[in-house]
Amino acid sequence: GDKTVSYAELNSATIPASGGAITGLTQSVDVYDTYKIDYSITEASSVVVAGENYQRVGTIFMSGRTDFNSGNGAVLFQDFSTEMVDTALSGNVTFSAELTGTDIIVSAVNSIGRDLSMKYIVKRWSSL
């Protein structure tokens, strides 16, 4: 195969200024229990303001098991990322995850104070 892989279209999600669950990132552990999500985040293109740019790139690793914690389930979650915040903004984005039933729900705390746009690709497999 090619040494360089290009993606013409990506999955996308919005991270609202208020934060909360990111619906597009919800993943089920019914078939696949382990996920690697490569992503980039920028300011939402609907609002362009000089000096208010945001850029982040990272990789999320997560794995969920419904049989952990006496059947209550548990999620392994790690986010490796780096970001830059323009001069007129401050804050950052932090992610967390929890297992609800058989779904891994990813949530964000967005202290940037404006809507952000996330583009990502998902790699998944079953560890069991």
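**Sheet, core and salt bridges in a predicted model**

Isoleucine 41 is placed in strand β4, and in this predicted model the residue serves as the starting point for a description of the sheet, the core and the charged pairs. With a relative accessible area of 0%, isoleucine 41 is buried, since the limit for that class is under 20%. When residues up to four places away in sequence are not counted, isoleucine 41 touches Ile15, Tyr54, Gln55, Arg56, Phe95, Leu116, Ser117 and Met118. Phenylalanine 77, by contrast, is not in that list; the C-alpha atoms of isoleucine 41 and phenylalanine 77 are separated by 19 Å, and the two residues are 36 residues apart along the chain.

Isoleucine 41 also belongs to the largest nonpolar core, which has 23 residues, and within this core Ile15, Ile41, Phe95 and Met118 touch the most other members. Two or more residues are given to the core by each of β1, β4, β5, β7 (93-100), β8 (103-110) and β9, and it is β4 that gives the most, with four residues. In soluble globular proteins, nonpolar side chains tend to be buried together. Phenylalanine 95, leaving aside its neighbours within four places in sequence, is in contact with Ile15, Ile22, Tyr39, Ile41, Arg56, Ile60, Phe77, Asp79, Val106, Ser107, Ala108 and Met118. Among these contacts of phenylalanine 95 are Arg56 and Asp79, which are linked with Glu83 in a network of salt bridges.

The strand that holds isoleucine 41, β4, is part of an open sheet of five strands, arranged in the order β1-β9-β4-β5-β6 with antiparallel pairing. Strands β1 (11-15) and β6 stand at the edges and have a single partner strand each, so that one side of each strand is left without a neighbour in the sheet. From one strand to the next, the twist averages 20 degrees. Strands of a sheet pair through backbone hydrogen bonds, either parallel or antiparallel. Between the antiparallel strands β5 and β6 there are 12 bridges, and tyrosine 54 has valine 85 in β6 as its bridge partner.

Five salt bridges are found in the structure. In one of them, lysine 123 is joined to aspartate 38, with 3.9 Å between the closest N and O atoms. Because lysine 123 lies in strand β9 (residues 116-125) and aspartate 38 in strand β4 (residues 34-43), this pair ties together parts that are 85 residues apart in sequence. Lysine 123 itself is partly exposed, its relative accessible area being 36%.

A further salt bridge joins glutamate 83 to arginine 56, the closest N and O atoms lying 3.2 Å apart. This pair likewise links distant parts of the chain, given that glutamate 83 is in strand β6 (residues 74-85) and arginine 56 in strand β5 (residues 54-65), 27 residues apart. The two partners fall into separate accessibility classes, for glutamate 83 is partly exposed at a relative accessible area of 31%, whereas arginine 56 counts as buried at 3% relative accessibility. Aspartate 67 and arginine 65 form another salt bridge, in which the closest N and O atoms are 2.8 Å apart. In this pair aspartate 67 is partly exposed, with a relative accessible area of 49%, and arginine 65 is also partly exposed, with a value of 28%.

The loop between β5 and β6 contains asparagine 69 and serine 70. Asparagine 69 has a phi near 55 degrees, which is a positive value in a residue other than glycine, and serine 70, although not a glycine, has a positive phi of about 55 degrees. Asparagine 69 counts as partly exposed, at 47% relative accessibility, while serine 70 counts as exposed, at 79%.

Glutamine 27 is found in strand β3 (residues 27-28). Its relative accessible area of 11% makes glutamine 27 a buried residue, and, with neighbours within four places in sequence left aside, glutamine 27 is in contact with Tyr35, Met62, Thr102, Asp103, Ile104 and Val122.

Technical notes:
Residues are numbered from 1 along each chain as its sequence is written. This is a predicted model: local features need pLDDT of at least 70, side-chain atom pairs count only at pLDDT 80 or more; totals for chains, interfaces and linings use all residues. Side-chain values use heavy atoms; hydrogens and water are left out. Buried means under 20% relative accessible area, exposed over 50%, partly exposed in between (1.4 Å probe, protein chains only). Contact means heavy atoms within 4.5 Å. A salt bridge is a side-chain nitrogen of Lys or Arg within 4 Å of a carboxyl oxygen of Asp or Glu. Two strands pair if DSSP finds at least two bridges between them. Axes are lines fitted to C-alpha atoms, for helices over the stretch in contact, and angles run from 0 to 180 degrees between N-to-C directions. A nonpolar core is a set of buried Ala, Val, Leu, Ile, Met, Phe, Trp, Tyr and Cys residues joined through side-chain atoms within 4.5 Å.
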